[in-house]
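Open the model in your viewer and keep the selection tool at hand. The tour goes stop by stop, with a selection to make at each one.

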Amino acid sequence: MVLKVFFPSCCSSADSGILIGRWISEQNSAVILAVVHFPFIPVQVKQYLGEVQRMTEVNVSVLGSWSNSKQEKEESLSEFLEDLGTIFCHEAWIQISKEGDSKFWSCSTLPKHSKNPQEEEIILVYYDQHKVMLSHLHPPLDTAGQRAEDASKLSAVFDTVARSQVLFMTDRYDEGPIKLTHWQSDGVEASIIVELMKQASVPACMLLTFLLSLLSGICRSRVLKFWPLSFLWSKLSTCEQLGHRLQHLQVISSNKKAQNQNQLMRKANIFVSLLIDVALGILLMSWLYRKNRIGHLADTLIPVADHVAEELQDLLQWLMGAPAGLKMNRALDQVLGRFFLYHIHLWISYIHLLSPFIEMILWYVGLSACLGLTVALCILSDIIALLTFHIYCFYVYGARLYCLKIYGLSSLWRLFRGKKWNVLRQRVDSCSYDLDQLFIGTLLFTILLFLLPTTALYYLVFTLFRLLVVIVQGLIHLLVDLIDSLPLYSLILRLCRPYRLAAGVKFRVLEQQDGKPLRLLMQINPLSYGGVVQTYRLPTYSCYPKDSWASLCKKLFLGELIYPWKHKGEKQN
């Protein structure tokens, strides 16, 4: 049986003493956590370990002795340290000694109530205690069999060191009866500013929780469930983003302690995402209000809208003629062209009616950037939807007319073949038609077939305009989703302290000699950037349904509508 001893590299120069840690019997492994120096009283050591075990729920015990024979005055302690095995009862008493200036160590085990070392193959594994304690092991998601078992063994070592933080709060400067050596032996890391911030964050979180609960209660009230407000809340992207950020604030201000590492990282990612979002929004707001850029933007908005309207009028005039030499149905062409020209005239009148208030509207919209860049981008998307509402109306009119003709032609085509659509059974059944029905069907099929090219041309043109608007809004919401869902804190942690996100470990051979224990160095393999994004990606919502290319082409061919806003309830995690 191979005995694996995990020894902290920070204790390699410690004075002689006893080894305390956790014995994992299932793996025949010993995880050394600290070294207790001489002189000490065994009863006090047992009491201290009992308190640590009660606070950490880790079975901490004395595992063996450590002898650093570099100094001659400590050579007489070796026999005394061996006799401690009779006081601290353990299944296997581990004896580790450093042989002066030699790079080789001796490690052996002494069975209980025996003074003859047992010849057993021992592997001595060095590990960085600080990095292992702060890291969180992320085993691969596709592990199976032996790989999953190895990941569980490593998780036990990582969990033992991480849960023993109370043990590391005692350093060599404490005036207690027990002197320890571990990664924090030179002094407990502390910051007065951090402690004051922790104390001040409690009332701040309570106040923020109260305000958020009041705001969420108003949002859930029945006033917002009436038709105009409920319609705006479900259709406008700004309302969706505000509700999304409200949920994030509730998660951050919650006074519940994170149960595991994933919840802690989720809170940190949300906090950093909110902080960066608000900072970018304030920068955008300061840029807009500098040098009267909002006034210049308002002055250029009306001429741009007039230019777009003029271009649409020229396009409709071209469609009402002979576009690209195509022969259209003149009567239907004139009716559709004048119908759309009248809508453009209404749109121009609407824009000029709002022109005196556009600068004031943009001024107040710029103030919303203090809520975050994502809120400003969602308002921009809603403004684009409102400014292109006439294009959406053209698209809906053309799509409905085109869809009516397509379904009419398909129904009349079934009539020619002696078929009909059974509504109750949702299938095509055989049917016998008389001569009058076939005559009327032939006339209608001929009329619809010859009117289809004119309708299809208008539908194609306005569908391309609609797709252009959808692509612009999709790019805006893609940027919003990127800011909302990107785990910025985890990525910064991966860049600055990669050992905090461990995907596994690798072992490097330090020394190997016959008759000596194999000495290995355990190094942490950090999680890849793609794994960080996949593991800690925040939940968000999508502005558009996820349709495949085949489904989208089918909708375009059949004339089904491409909705400009997200449907209520379509949330993606």
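## Stop 1: the α7 and α8 crossing

Helices α7 and α8 cross in a left-handed sense. This is a predicted model, so treat each stop as a prediction. Select residues 237–252 for α7 and residues 261–288 for α8. The two axes come within 10 Å of each other, and the crossing angle is roughly 130°. The pair therefore counts as oblique, since roughly antiparallel would need an angle over 145 degrees.

Now show side chains at the contact. From α7, pick Arg 245, His 248, Leu 249, Val 251 and Ile 252. From α8, pick Arg 266, Lys 267, Ile 270, Phe 271, Ser 273, Leu 274 and Asp 277. Keep Arg 245 and Asp 277 selected for the next stop.

## Stop 2: the Arg 245 network

Which residues are linked with Arg 245 in a network of salt bridges? Asp 277 and Asp 484 are; the three form the network together. Add Asp 484 to the selection.

Take the Asp 277 side first. Its side chain forms a salt bridge with that of Arg 245, at 3.1 Å from N to O. The bridge joins distant parts of the chain, α8 to α7, with the two positions 32 residues apart in numbering. Asp 277 and Arg 245 are both buried.

Then turn to Asp 484. Its salt bridge with Arg 245 has closest N and O atoms 2.8 Å apart. Here, too, distant parts of the chain are linked: Asp 484 belongs to helix α14 (residues 435–485), Arg 245 to α7, and they are 239 residues apart.

Buried or exposed: where does Asp 484 fall? Asp 484 is buried, because its relative accessibility is 0%. Arg 245 is buried as well, because its value is 6% and the cut-off for buried is under 20%.

## Stop 3: along α8

Stay on α8 and look at two more partners. A reminder on reading helix pairs: the description rests on the angle between the axes and the distance between them.

Select α12, residues 373–387. The axes of α8 and α12 come within 7 Å and cross at roughly 60°. This pair is therefore oblique, because roughly perpendicular begins at 65 degrees. On the α8 side, the contact uses Asp 277, Leu 280, Gly 281 and Leu 284. On the α12 side, look for Leu 373, Thr 374 and Ala 376. Asp 277 is thus listed in the contact with α12 and in the contact with α7.

Next, select α15, residues 488–496. Its axis and that of α8 come within 7 Å, crossing at roughly 100°. That makes the two helices roughly perpendicular. Met 265, Ala 268, Asn 269, Val 272, Ser 273 and Ile 276 supply the α8 side of the contact. Leu 488, Tyr 489, Ser 490 and Leu 493 supply the α15 side.

## Stop 4: the loop after α8

Move to the loop between α8 and α9 (293–319) and select Lys 291. Add Asn 292, which lies in that loop too. Check the backbone torsions here. Most residues other than glycine have a negative phi. Lys 291 has a positive phi, near 60°. Asn 292 has a positive phi as well, near 55°.

Switch to a surface view. Lys 291 counts as exposed because its relative accessibility is 66%. Asn 292 counts as partly exposed because its value is 47%.

## Stop 5: Arg 427 and Asp 429

Select Arg 427 and Asp 429. They form a salt bridge, with the closest N and O atoms 2.9 Å apart. Asp 429 is buried at 17% relative accessibility, whereas Arg 427 is partly exposed at 39%.

## Stop 6: two cysteines

Select Cys 370 and Cys 431. How many disulfides does a search of the whole structure find? It finds zero. Cys 370 is partly exposed at 37% relative accessibility. Cys 431 is partly exposed too, at 24%.

## Last stop: the whole chain

Zoom out. The chain has 17 helices and 15 strands. Of its 573 residues, 42% count as buried. The salt bridge count comes to four. Among contacts with a separation of 6 or more, 72% join residues 24 or more positions apart.

Terms used. Residues are numbered from 1 along each chain as its sequence is written. This is a predicted model: local features need pLDDT of at least 70, side-chain atom pairs count only at pLDDT 80 or more; totals for chains, interfaces and linings use all residues. Side-chain values use heavy atoms; hydrogens and water are left out. Helices (H or I, at least four residues) and strands (E, at least two) are DSSP runs, numbered from the N terminus. Buried means under 20% relative accessible area, exposed over 50%, partly exposed in between (1.4 Å probe, protein chains only). A disulfide is a pair of cysteine sulfur atoms within 2.5 Å. Axes are lines fitted to C-alpha atoms, for helices over the stretch in contact, and angles run from 0 to 180 degrees between N-to-C directions. Angles under 35 degrees count as roughly parallel, over 145 as roughly antiparallel, 65 to 115 as roughly perpendicular and the rest as oblique. A crossing is left-handed if the near helix is turned anticlockwise from the far one by less than a right angle, and right-handed if clockwise. Contact means heavy atoms within 4.5 Å.
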